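Please look over the sequence and the model that follow before reading on. The paragraphs after them go from a single residue to the packing of the chain.

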Amino acid sequence: MLSGINIETKAIAEVSFSFCVTISQMDIFSHGLYGGIAFGKRSKRDYITAFLFGIGSDLLAFAPYILSILFGLAPLPSGKIEPPVSGGVPTYVHSLYYFTHSLVIYAVFFALLLYLGKKNLAKLTFGWPLHILVDIPTHSSAFFPTYFLWPVSNFSFNGTPWIEPKIFIPNVIVLMLLYIFWYFKKKRNV
């Protein structure tokens, strides 16, 4: 029984590590913070909605795979994860990533919301294209390139990954400054 717990603990740790590597490459949390502060400042509900649309592209692309690993429906990736290699991240994850990181797909979604008369919700979804626009220069061709015109084109930039200090550190500083400014502005208006 004890060895079973150790095996499960090890598997969860490996999944967590793999997931953290993925998150550190794309910094999903920053996407949500940018979406929330840029488009969700009117209320807590708006903030949460904008935050979720900011991280939605990555959640929809990676959550099914991570959940399938956690529930034992898929094996852990073996060896090097990227670029796509045998035993690495399954191709369906890449397909989901291309779908959720496409400005073309977002434009269709946005137009559908407007058609349905959901103008206020449509404004809160701007975190999604902001996420894509940030990913375009901050993803290399070797690790989930952002095909922002998919399915029309597989064009992408070979950018500098989020994990590089010259991107990551300014990202954290900008987010801190934005949230400090917002806090004091909100406090002054109360």
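Does isoleucine 28 count as buried or exposed? The model in which this is asked is a predicted one, and in it isoleucine 28 has a relative accessibility of 14%, which lies under the 20% cut-off, so isoleucine 28 counts as buried. The residue is found in helix 2, which covers residues 28-39. Its C-alpha atom is separated by 5.7 Å from that of isoleucine 55, although the two residues are 27 positions apart along the chain.

That pair leads to the general layout of the chain. The secondary structure comes to eight helices and zero strands, so that, read along the sequence, the pattern is α-α-α-α-α-α-α-α. Of the 190 residues in the chain, 39% are buried. Among contacts with a separation of 6 or more, 62% are accounted for by residues 24 or more positions apart.

Isoleucine 28 also takes part in the packing of helix 2 against helix 3, and the axes of these two helices lie 7 Å apart at an angle of about 145 degrees. The crossing of helix 2 and helix 3 is right-handed. On the side of helix 2 the contact is made by Ile28, Phe29, His31, Gly32, Leu33, Gly35, Gly36, Ile37 and Phe39, and on the side of helix 3 by Tyr47, Ala50, Phe51, Gly54, Ile55, Asp58 and Leu59. Sorted by class, the contact of helix 2 with helix 3 has ten nonpolar, five polar and one charged residues.

Helix 3, which runs over residues 44-70, also packs against helix 4, residues 91-100, where the axes come within 7 Å and cross at roughly 165 degrees. An angle over 145 degrees counts as roughly antiparallel, and helix 3 is therefore roughly antiparallel to helix 4. The crossing of helix 3 and helix 4 is right-handed. Helix 3 contributes Ser57, Asp58, Leu60, Ala61, Phe62, Pro64, Tyr65 and Ser68 to the contact, while helix 4 contributes Tyr92, Val93, Leu96, Tyr97 and Thr100. By class, the residues of the contact of helix 3 with helix 4 divide into nine nonpolar, three polar and one charged.

Several of these names return in the interior of the model. The largest nonpolar core has twelve residues in all, namely Ala61, Phe62, Tyr65, Ile66, Ile69, Val89, Val93, Tyr97, Tyr98, Phe143, Phe144 and Tyr147. Helix 3 and helix 4 each supply at least two residues of this core, and the largest share, five residues, comes from helix 3. One member of the core, tyrosine 65, is in contact with Ala74, Pro75, Pro77, Gly88, Val89, Pro90, Tyr92 and Val93 when its neighbours within four places in sequence are left aside. A second, separate core of nine residues includes Ile28, Tyr34, Phe51 and Trp182, and with Ile28 the path returns to the residue of the opening question.

Helix 2 has a further partner in helix 7, for the axes of helix 2 and helix 7 come within 9 Å and cross at roughly 130 degrees. That angle makes helix 2 oblique to helix 7, and helix 2 passes helix 7 in a right-handed crossing. The contact is made by His31, Tyr34, Gly35, Ala38 and Phe39 of helix 2 together with Gly127, Leu130, His131, Val134 and Asp135 of helix 7. The residues of the contact of helix 2 with helix 7 divide into five nonpolar, four polar and one charged. Within helix 7, residues 127-135, the buried residues are Gly127, Trp128, Pro129, His131, Ile132 and Asp135, and what covers these buried residues includes helix 2, helix 3, helix 4, helix 5 and helix 6.

Two details of the backbone remain, and they are best read against a general background. Most residues other than glycine have a negative phi, and most peptide bonds are trans. Phenylalanine 144, found in the loop between helix 7 and helix 8, has a positive phi of about 45 degrees although it is not a glycine. With a relative accessible area of 1%, phenylalanine 144 is buried, and it is listed in the largest nonpolar core. Proline 151 also has its place in the loop between helix 7 and helix 8, and a cis peptide bond, with omega about 5 degrees, joins tryptophan 150 and proline 151.

Notes. Residues are numbered from 1 along each chain as its sequence is written. This is a predicted model: local features need pLDDT of at least 70, side-chain atom pairs count only at pLDDT 80 or more; totals for chains, interfaces and linings use all residues. Side-chain values use heavy atoms; hydrogens and water are left out. Axes are lines fitted to C-alpha atoms, for helices over the stretch in contact, and angles run from 0 to 180 degrees between N-to-C directions. Helices (H or I, at least four residues) and strands (E, at least two) are DSSP runs, numbered from the N terminus. Angles under 35 degrees count as roughly parallel, over 145 as roughly antiparallel, 65 to 115 as roughly perpendicular and the rest as oblique. A crossing is left-handed if the near helix is turned anticlockwise from the far one by less than a right angle, and right-handed if clockwise. Contact means heavy atoms within 4.5 Å. Ala, Val, Leu, Ile, Met, Phe, Trp, Tyr, Cys and Pro count as nonpolar, Asp, Glu, Lys and Arg as charged, and the others, Gly among them, as polar. Buried means under 20% relative accessible area, exposed over 50%, partly exposed in between (1.4 Å probe, protein chains only). A nonpolar core is a set of buried Ala, Val, Leu, Ile, Met, Phe, Trp, Tyr and Cys residues joined through side-chain atoms within 4.5 Å.
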